[in-house]
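Here's a walk through a two-chain model, taken one chain at a time. Have the viewer open as you read.

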Amino acid sequence: MGHDTVFEALGDGTRRRIFGMIRRRPLGVGEIAGLLPVSQPAVSQHLRVLREAGLVRADKLGRRRIYRVRPEGFEPLRAYVSAFWDEPLEAFGSSFDKDEEGGV
Amino acid sequence: MIEPVVKEIRVPTTPQKAFRRFTEEIDSWWPRATHSVSLDKCRTISWEGPEGSDLYEIDEDGNRHVWGVFTAWDPPKRFAMSWHPGHEPEEAQRIEVTFEKRGKETLVTLRHSDFEGLGETAQKTRDMYESGWVGVLQTYEETLG
């Protein structure tokens, strides 16, 4: 799953709230709808986007579906943002490797 | 007080070269497409150094985005500057970079502090610089809004 899908999925405020709720504990559609000013069909739609982005998965529990976070779904996000200074410093460090090759 | 972000890297060169690479030659290595105000539209990172002058980027339309002003200049040991890419100067943080000789290498330490001027968003910004993803999503949200 690439950055685009994950970012698009989390680019919506309501979906981020839903994702935040599921991160804290597994929840069903009804429970989520009960905690937000959003209709149940709308919640289902948001959950579908989150699921397609690989951020959550649905487990069947009797007739209910319980949504849980897929930790591996986070990976593209982590890989993308890392830490602000790590990348510039890494680029700074590698700029000296080029010196070695070029004999500067 | 908000804890500073501190990062270290060892580079296989002298403090003189490391200092120059970080300042005069910043345009040759800075990952501008991901770490700048204009991102993929960023063309150059430039400076009019040393002390008292700006470090800034120029985007493809020729707009200048100031990142900060050099406030201390002591080559090849250290420099310091205000830091506010994408923010007003009143919200500036502070960056200090030191260069210490370690045998044939140089230990470069970056200390990013003084987030308090950002007010309510100070902690969030600090976390973005440290480990990021909360802050990046916030920024992402702002660009969509």
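What follows covers chain A and its helices and sheet, then the strands and loops of chain B.

Keep in mind that this is a predicted model. For chain A the mean pLDDT is 83, with 83% of the residues at 70 or more. Within that chain, the elements run from α5(A) (residues 75-81), which has the lowest mean pLDDT at 64, up to α4(A), which has the highest at 96. Where pLDDT is low, the predicted coordinates should not be read in detail.

**The two chains in outline**

Chain A has six helices and three strands, and along the sequence they come in the pattern α-α-β-α-α-β-β-α-α. Chain B has three helices and seven strands, arranged from the N terminus as β-α-β-β-β-β-β-β-α-α. Here is how burial looks in each chain, together with the share of contacts that join residues at least 24 apart, among contacts between residues at least 6 apart in sequence.

| Chain | Residues | Buried | Contacts joining residues at least 24 apart, among those at least 6 apart |
|---|---|---|---|
| Chain A | 104 residues | 24% | 51% |
| Chain B | 145 residues | 28% | 32% |

**Chain A: a sheet and two helices**

Start with the sheet. Chain A has an open sheet of three strands in the order β1-β3-β2, paired antiparallel. Its edge strands are β1(A) (27-28) and β2(A) (56-61), each of which pairs on one side only. Between β2(A) and β3(A) (residues 64-69), which run antiparallel, there are six bridges. If you'd like a pair to click on, A58(A) has Y67(A) in β3(A) as its bridge partner.

Which helices pack on this sheet? One of them is α2(A), which touches β1, β2 and β3 of chain A, with its direction at about 90° to that of β3(A). Another is α4(A), which touches β2 and β3 of chain A, its direction making about 115° with that of β2(A).

Now look at α2(A) itself. This helix takes in residues 13-24, twelve residues in total, and reaches 17 Å from its first C-alpha to its last, close to the 16 Å expected. Its buried residues include R15(A), I18(A), F19(A) and I22(A). Why do those four end up on the same side of α2(A)? Because they cover an arc of only 100° around the axis. Turn to the face away from that buried side and you'll find the exposed residues G13(A), G20(A) and R24(A).

α4(A) can be read along similar lines. It covers residues 40-52, and its 13 residues reach 18 Å from first C-alpha to last, close to the 18 Å expected. Buried here are V43(A), H46(A), L47(A) and L50(A). Seen down the axis of α4(A), these buried residues fall within an arc of 100°, so they line one face of the helix. The face turned away from the buried side carries P41(A) and R48(A), which are exposed. Following α4(A) comes G54(A), with a positive phi near 80°.

**Chain B: around β5**

Over in chain B, β5(B) (residues 78-83) is a good place to start. This strand is mostly covered, with five of its six residues buried. What does β5(B) pair with? One partner is β4(B) (residues 64-74), in the antiparallel sense and over four bridges. In that pairing, W73(B) has F79(B) of β5(B) as its bridge partner. Another partner is β6(B) (residues 93-102), joined to β5(B) antiparallel by six bridges. There, S82(B) stands opposite R94(B) of β6(B).

The link from β4(B) to β5(B) is worth a look too. These two strands form a hairpin with three residues between them. P76(B) lies in this loop, and a cis peptide bond, with omega about 0°, joins P75(B) to P76(B).

Last stop: a backbone angle further along. D114(B) isn't a glycine, yet its phi is positive, at about 60°. Where is D114(B)? It sits in the loop between β7(B) (105-113) and α2(B) (122-130). As for burial, D114(B) counts as partly exposed, because it has 16 C-beta neighbours inside 10 Å, and the buried class begins at 20.

How values were computed:
Residues are numbered from 1 along each chain as its sequence is written. Chains are lettered from A and ligands numbered from 1 in the order in which they are written. This is a predicted model: local features need pLDDT of at least 70, side-chain atom pairs count only at pLDDT 80 or more; totals for chains, interfaces and linings use all residues. The expected span of a helix is 1.5 Å times one less than its number of residues. A residue is buried if 20 or more other C-beta atoms lie within 10 Å of its own, exposed if 12 or fewer, and partly exposed in between; C-beta atoms are placed from the backbone. The arc is that of the directions from the helix axis to the C-beta atoms. Two strands pair if DSSP finds at least two bridges between them. Two residues are in contact if their C-beta atoms, placed from the backbone, lie within 7 Å. pLDDT is the predictor's confidence in each residue, from 0 to 100. Axes are lines fitted to C-alpha atoms, for helices over the stretch in contact, and angles run from 0 to 180 degrees between N-to-C directions.
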